[in-house]
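Let's take a walk through this model together, starting from the surface and working towards the inside. Keep the viewer open as you read.

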Amino acid sequence: MPSIHSIPIIDFSEFKTNPEKVAQDVFNACKSIGFFYMVNHDIPAKDIDKAFEVSKSFFDLPREEKTRYKISANNHGYSELLGQKLDPENQRQGDHKEGFNLRAFEGGKPYAPIPAVFQEHAEFLERLSKSCHNAALQILEAFAIALHIPTEQGGKHFFVGSHNYEGSENVLRFLKYPRGGESEYKEPVRAGAHSDYGSVTLLFQKDVPGLEVQASRTEWIAAPLIPGAITVNVGDQMELWTNGLFKSTMHRVTFLPEHNHLDRYSMPYFVQANSDTSLAPIPSPYVDQTVKDGAIYTAGEHLQKRLAASHGFEK
Ligand SMILES: O=C(O)CCC(=O)C(=O)O
Ligand SMILES: [Fe+2]
């Protein structure tokens, strides 16, 4: 396979008028590098800016405040600096980041208690998390169109049917990679190499780059910041569902010496299929239907397995 040197930019303003074209671009990206930039999506820039401000106000709180909301096996809450290993098999030290996972709202309320700095913007955060979900539904519709899912199996709505917002395990995650500390830090990268666990991830990057994507077994390429674009990647659930056709590509975050004086903030939105959904190969003429080895997990089982390994939760 030729090596892939860049991440394609896909214009979703054409999705309403020419869905086939957008779906084909998405298909080509997902079969090769597993990443693309979504431009002209429906999430207003001012909402993204505001979310980063709210995120900063949370991370600025004293440590004792933040640790009151410590993350547990429900995947909601605060993870401390060095608290998570995204590459648990290889890392000697946790990631050089702190984070807060905000699970999907339920019945208009946060999934579990959230700090006052979030609570005072609860309506806004719920709206944002639903806008992210809707952007993901457009991508999932593009997947189904490109994969030619038969109409009797749901056609273009195939994935939409297995991605409810209400009751989902979707997470809007706030991350802060603090400036400094790189000289004592033992690892070469500040977030370990990993693939994402869900079906699709939307990532909002801001000001400070550092994300790298494994373009081939030996080559990492930068995923630079593109103003206004959402960095989108295929997650494990989609790779399993497509029996390896779509690539859940490894990625990591590096230290960049020219940005050492700045805190890095990012905001991934992890989209999960309904937890009881089987990850057996989907009905597409492009997807090999033979299951080679191992058991077929449900989306929920797959997620729990990966989360337990990276956070060290009790199993
Ligand atoms: O911070 C980033 O840019 C990427 C974070 C990431 O890949 C993750 O949390 O899964
Ligand atoms: Fe990731």
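A quick bit of vocabulary before we start: a residue counts as buried when its relative accessible area is under 20%, as exposed when it is over 50%, and as partly exposed in between. Bear in mind, too, that what you're looking at is a predicted model.

With those cut-offs in hand, go to helix α1. Asp-25 has a relative accessible area of 26%, so it falls into the partly exposed class. Lys-21 comes out at 35%, which makes it partly exposed as well. The side chains of Asp-25 and Lys-21 form a salt bridge, with 2.8 Å from N to O. Why can these two reach each other along the helix? They sit four residues apart in α1, which spans residues 19–31, and that puts about one helical turn between them.

That pair belongs to a longer list, as a search of the whole structure turns up 17 salt bridges. Another one joins Lys-97 to Asp-95, where the closest N and O atoms are 3.1 Å apart. Here both partners, Lys-97 and Asp-95, are buried.

Next, look for Arg-306 and Asp-236, whose side chains meet in a salt bridge at 2.3 Å, N to O. Arg-306 is in helix α7 and Asp-236 is in helix α6 (residues 236–241), so this contact ties together parts that lie 70 residues apart in sequence. The two ends differ in burial: Arg-306 is partly exposed at 22% relative accessible area, while Asp-236 is buried at 8%. Salt bridges can also join up, and Lys-46, Asp-47 and Arg-127 are linked in a network of them.

Now for the inside. Rolling a probe the size of a water molecule over the atoms shows where empty space is left. In this structure that gives one cavity of 30 Å³ or more, and the volume of the largest cavity is about 330 Å³. Which residues lie nearest the centre of the largest cavity? They are Arg-173, His-194, Asp-196, Pro-268 and Phe-270, out of 30 residues in the lining. Several elements give two or more residues to that lining, namely the strands β5 (171–177), β6 (189–194), β7 (200–206), β10 (230–234), β11 (251–254) and β12 (264–271), along with helix α7 (299–311). As for chemistry, the lining splits into 14 nonpolar, twelve polar and four charged residues.

Turn on ligand 1 and you'll meet some of those names again. What surrounds ligand 1? The residues around it are Arg-173, Leu-175, Tyr-177, His-194, Asp-196, Leu-203, His-251, Val-253, Arg-264, Ser-266, Pro-268 and Phe-270. A few of these have a polar side-chain atom close to a ligand oxygen, and the distances are handy to have. For Tyr-177, a polar side-chain atom is 2.6 Å from an oxygen atom of ligand 1. For Arg-264, the corresponding distance to an oxygen atom of ligand 1 is 2.8 Å. His-194 has a side-chain N or O atom 3.0 Å from a ligand oxygen.

To finish, head back out to the loop between β12 and α7, where you'll find Ala-295. Is Ala-295 buried or exposed? Its relative accessible area is 59%, so Ala-295 is exposed. Compare its position with Ala-193: the two are 102 residues apart in sequence, and their C-alpha atoms are 25 Å apart in space.

Note on methods. Residues are numbered from 1 along each chain as its sequence is written. Chains are lettered from A and ligands numbered from 1 in the order in which they are written. This is a predicted model: local features need pLDDT of at least 70, side-chain atom pairs count only at pLDDT 80 or more; totals for chains, interfaces and linings use all residues. Side-chain values use heavy atoms; hydrogens and water are left out. On a 1 Å grid over the protein atoms alone, a cavity is a set of points where a 1.4 Å probe fits but cannot get out, and a pocket is an open set with protein on both sides within 12 Å along at least five of seven lines; lining residues have an atom within 4 Å of a point. Grid points are joined across faces, edges and corners, and a volume is the space filled by probe spheres set on the points. Ala, Val, Leu, Ile, Met, Phe, Trp, Tyr, Cys and Pro count as nonpolar, Asp, Glu, Lys and Arg as charged, and the others, Gly among them, as polar. A salt bridge is a side-chain nitrogen of Lys or Arg within 4 Å of a carboxyl oxygen of Asp or Glu. Buried means under 20% relative accessible area, exposed over 50%, partly exposed in between (1.4 Å probe, protein chains only). A residue is near a molecule or strand if one of its heavy atoms lies within 4 Å of it. A polar contact is a pair of N or O atoms within 3.5 Å; within protein, one must be able to donate a hydrogen and the other to accept it, and residues adjacent in sequence count only if both atoms are side-chain atoms.
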